[in-house]
Amino acid sequence: MNITKNNVDALNAIINVKIEKTDYEEKLEKALRELRKKVSIKGFRPGMVPAGLIKKMYGKSALVEEVNKILSDSLWNYIIDNKIHILGEPLPLSNNLNDLELDSLPEFEFSFEIGIAPEINIDFSKNDNIDSYAISIDDETFNNYRNYYARTYGTYVPVDESGDNSVLNGKLVQTGDINEAITNNDVKILVSMVKDEELKPQFIGKKVGETIHFDIKKAFVEDVEIAGLLNKKKEELNLISNLFEFTINEITNFVEAESNQELWDKVYGKDTVTSEEQYHEKIKEDIAVNYKAESDYKLTRDIRSRMLGKASFELPDTFLKKWLKTTNQKEITDEILEKEYPIFKEDIRWQLVKDNFIKKHDLKVTEDDVKELAKQVALAQFRQYGINNVPDEHLDEMAGRILSNEKEKKRLEEKKIEDKVIEFVKESINLEIKEISPEEFRKLPN
């Protein structure tokens, strides 16, 4: 066995592998002996097929298999033992496998091109200044949150007469010159959704038991809305008549929840808040948490950009493009490659910078780290539905379900190690805290 590396330049090299007869001869003979035990050929008892016939029938394929095993193991062992930090995978350039003759048992020569990761060396100190933003809580945002909770926990209450924002529940029947009328006995019509402004007054000032006659195509322009009212699929909508009558069975208006103990318990848990003042403070805490998340996200992006800016290095672009085209399961055209490669290149650059920091500063992620992140993800999912007060046992249970998915667990591990890189940089630099309004923050470049 002889393996050599010839550097083309700092980022590209050729690895040559020579496999000699002594490297594979014994393995080949063993493989053929094993085949002889298993192969069943008419006219011979099991295990008694002549060795020469086995070699003639299976020798070439067995040799190719054994040589490829030796090649794969030796190539990767060489890369690992010599600490060659490659990008992608070795790409084969040439080999003489197709020229083999079993009688001569030749030497085999292979060559592979590799892309080599560049050397990276970046450091941070307190001389590095990066802005971190503290977003102030304005009245508009506070009122939006308070209104959101009031709407989320609001209810529909019966009323005597319909208005602009009423919901009418009743029976919808097709009229006109038709053989079989379309009927839906349980229809909800939002008065505010009626499109035709001349037609809308017919739905206002009505009482239970009254009937409204209208053109459904004028009232609701979109076919998907009409299909929903008639309990049909959009594709099945083929109206012979657009005329309908709607008989009202119930009228309700949406009423926002009042700010009282019942609402506070629903939003934050029983007796967590017991006064209007405490309720307002809790809302401000919610806003502060979300604003901090937005600020932290921008800080992370800014630190990443600063790290990439400090790391000035090139990549073996030609090799990486070739590797992408060769190994991708779907065919990639040159046009698509040129369009997508800058995004791929930026991801590779960040991965290299991140990996360098992880190795240099011995950053690690523990099981507890990943579990805590999974609980944060679970809590964020609850909060999307307005549920803020979640018992720990529920978070633990949901975090367990998240981590049972290996793909999701791997994603969270990668997210956590990236968080540790960012935290390490934050502790190493000088963060300049700047007060800023929500409007000013939104105008900052991403």
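Accessible areas here come from the Shrake-Rupley method with a 1.4 Å probe, and for residues only the protein chains shown count as cover. With that in hand, I looked up the surface: the chain exposes about 27600 Å², and carbon and sulfur atoms supply 47% of it.

Ground rules before I go on. This is a predicted model, where local features need pLDDT of at least 70, side-chain atom pairs count only at pLDDT 80 or more, and totals for chains, interfaces and linings use all residues. Residues are numbered from 1 along each chain as its sequence is written, and side-chain values use heavy atoms, leaving out hydrogens and water.

**Overall shape.** I checked the radius of gyration (taken over C-alpha atoms; the globule rule is 2.2 Å times the number of residues to the power 0.38). The chain has 35 Å, against near 22 Å for a compact globule of 446 residues. Along the principal axes, the C-alpha atoms fill a box of roughly 100 × 75 × 45 Å.

**Burial and contacts.** I found 37% of the 446 residues buried, where buried means under 20% relative accessible area, exposed over 50%, and partly exposed in between (1.4 Å probe, protein chains only). Contact means heavy atoms within 4.5 Å. Of the contacts between residues at least 6 apart in sequence, 71% join residues at least 24 apart.

**Secondary structure.** I got 13 helices and 11 strands; these are DSSP runs numbered from the N terminus, helices being H or I with at least four residues and strands E with at least two. Next I went to the start of the chain. Strand β1 (residues 2–7) runs antiparallel to strand β2 (residues 12–19) over 6 bridges; two strands pair if DSSP finds at least two bridges between them. The two form a hairpin with 4 residues between them, and Ile 3 has Val 17 of β2 as its bridge partner.

**Ile 130.** Where does Ile 130 sit? I located Ile 130 in strand β5 (residues 129–135). Ile 130 is buried, at 4% relative accessible area. Outside its neighbours within four places in sequence, its contacts include Leu 299, Ile 303, Ile 429 and Leu 431. I also took the C-alpha to C-alpha distance from Ile 130 to Ile 240: 67 Å in space, with their positions 110 residues apart in sequence.

**Thr 252.** Is Thr 252 buried or exposed? Thr 252 is buried, with a relative accessible area of 10%, and belongs to strand β10 (residues 243–255). Not counting residues up to four places away, I saw Thr 252 touching Tyr 156, Val 157, Pro 158, Val 159, Ser 166 and Val 167.
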